[in-house]
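Thank you all for coming; I would like to take a few minutes to walk through one model with you, going from the sheets to the ligand site and then to a loop. Please keep the structure open while I talk.

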Amino acid sequence: MAEVIIVGSREDAGALAADEIARLIRARPDTVLGLATGSTPLPVYRALRPRLAGVDVSRVRGFALDEYVGLDPEHPQSYRSVIAREVVAPLGLDPARVRVPNGAPDGIEHAGADYEAAIEAAGGVDLQILGIGTDGHIGFNEPGSSFASLTRVKTLTRQTREDNARFFDDIDDVPRHCITQGLGTILRARHLLLLAFGAGKADAIARAVEGPVTAMLPGSAVQLHPHATVIVDEAAAGRLRLAGYYRETWQHKPDWQGL
Ligand code: GLP
């Protein structure tokens, strides 16, 4: 099962995740990070900045999970812009070593295979940061996505477009298509770190961690991974049946185990 850690706040979650990522980068300067967008990972990136002060990050690589198709890459809400603004610049990463799937309509039919090849050439993702949508999607793998899927174009659900409309002036401005790492791509990462905050995520988290493994809840793919860590605040943990067990496990976790 995934290890579930229930923390008091987003900041606590960010600190815990950032400790692990900084440890990884110190141990392996050429660490390959899987980067998520959305509001959830922001506390991680913020907490990471001071932890990387004085650490050589020049060889760190990054692969974003997903991108909108057809959105100008310079648009402030393109994931290329978000990753540049929230991750690459503050952490001082080399922009040439951080990739985002190419959502340009021209050549989109090859963009997924190109991205898979680039991840493979980098030696695979060491640690994949994940958020989860209210419908249980990870990356932009909407309900029904195959567990074997690789990076490809998907159509966003109405629910996801409504959720993400807050980043745009109008829901009609939210693109209908995206290019996303597949569930199969995500499952190849060596360590998954899924974060969720707020009561709005409680149902998706309970189903992802404790529900049946089903393509109808793409986040349930974490149950198939040998090393998955789920960090949630109290509100997002609200529907977990084994919450008491997770707390006890965390409280008594041997130091040597790490995350
Ligand atoms: C988007 C992203 C996902 C993210 C999800 C949740 O759909 N493609 O990677 O997990 O939003 O967003 P938030 O973290 O803002 O709740």
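Let me begin with one pair of residues, Arg 152, which stands opposite Thr 180 in β8. Please bear in mind throughout that this is a predicted model. The strands behind that pair are β7 and β8, the latter covering residues 177-180, and they pair in the antiparallel sense over four bridges. Both belong to an open sheet of three strands, ordered β4-β8-β7, with antiparallel pairing. Because β4 (66-68) and β7 (152-155) stand at the edges and have a single partner strand each, one side of each is left without a neighbour in the sheet. On average, and ignoring direction, neighbouring strands of this sheet are turned by 30° against each other.

The other sheet to look at is also open, but here seven strands pair in parallel, in the order β1-β10-β9-β6-β2-β3-β5. Its edges are taken by β1 (3-7) and β5 (98-99), each of which has a single partner strand, so one side of each lacks a neighbour in the sheet. At the β5 end, strand β3 (residues 61-64) runs parallel to β5 and is joined to it by two bridges, and within this pairing Gly 62 stands opposite Val 98 in β5. Lying across β3 and β5 is helix α4, residues 108-121, which runs at about 150° to β3.

Helix α2, residues 42-51, has a number of buried residues, namely Leu 42, Pro 43, Val 44, Tyr 45, Ala 47 and Leu 48. These buried residues pack against α1 (10-27), β2 (32-35), α3 (79-91), β6 and β9 (191-196).

Now to the ligand: which residues are closest to it? It is surrounded by 13 residues, and the closest are Ser 39, Thr 40, Asp 66, His 137 and Lys 201. Looking at individual atoms, an oxygen atom of the ligand is 2.7 Å from an N or O atom in the side chain of Ser 39, and for the side chain of His 137 the corresponding distance from a ligand oxygen is 2.8 Å. The protein covers 94% of the 390 Å² of accessible area that the ligand has on its own.

Finally, is Gly 123, in the loop between α4 and β6 (127-130), buried, exposed or partly exposed? Gly 123 has 43% relative accessibility, and therefore counts as partly exposed. Its C-alpha atom is separated by 28 Å from that of Ala 13, which is 110 residues apart from Gly 123 along the chain.

How values were computed: Residues numbered from 1 in each chain as written. Predicted model: local features only at pLDDT ≥ 70, side-chain atom pairs only at ≥ 80, totals over all residues. Heavy atoms only, no water. Pairing = 2+ DSSP bridges. Contact = heavy atoms within 4.5 Å. Axes fitted to C-alpha atoms, helices over the stretch in contact; angles between N-to-C directions. Near = heavy atom within 4 Å. Polar contact = N/O pair within 3.5 Å; in protein donor to acceptor, adjacent residues only side chain to side chain. Areas by Shrake-Rupley, 256 points an atom, 1.4 Å probe, with all protein chains shown as cover. Buried < 20%, exposed > 50% of the residue type's maximum accessible area, 1.4 Å probe, protein only.
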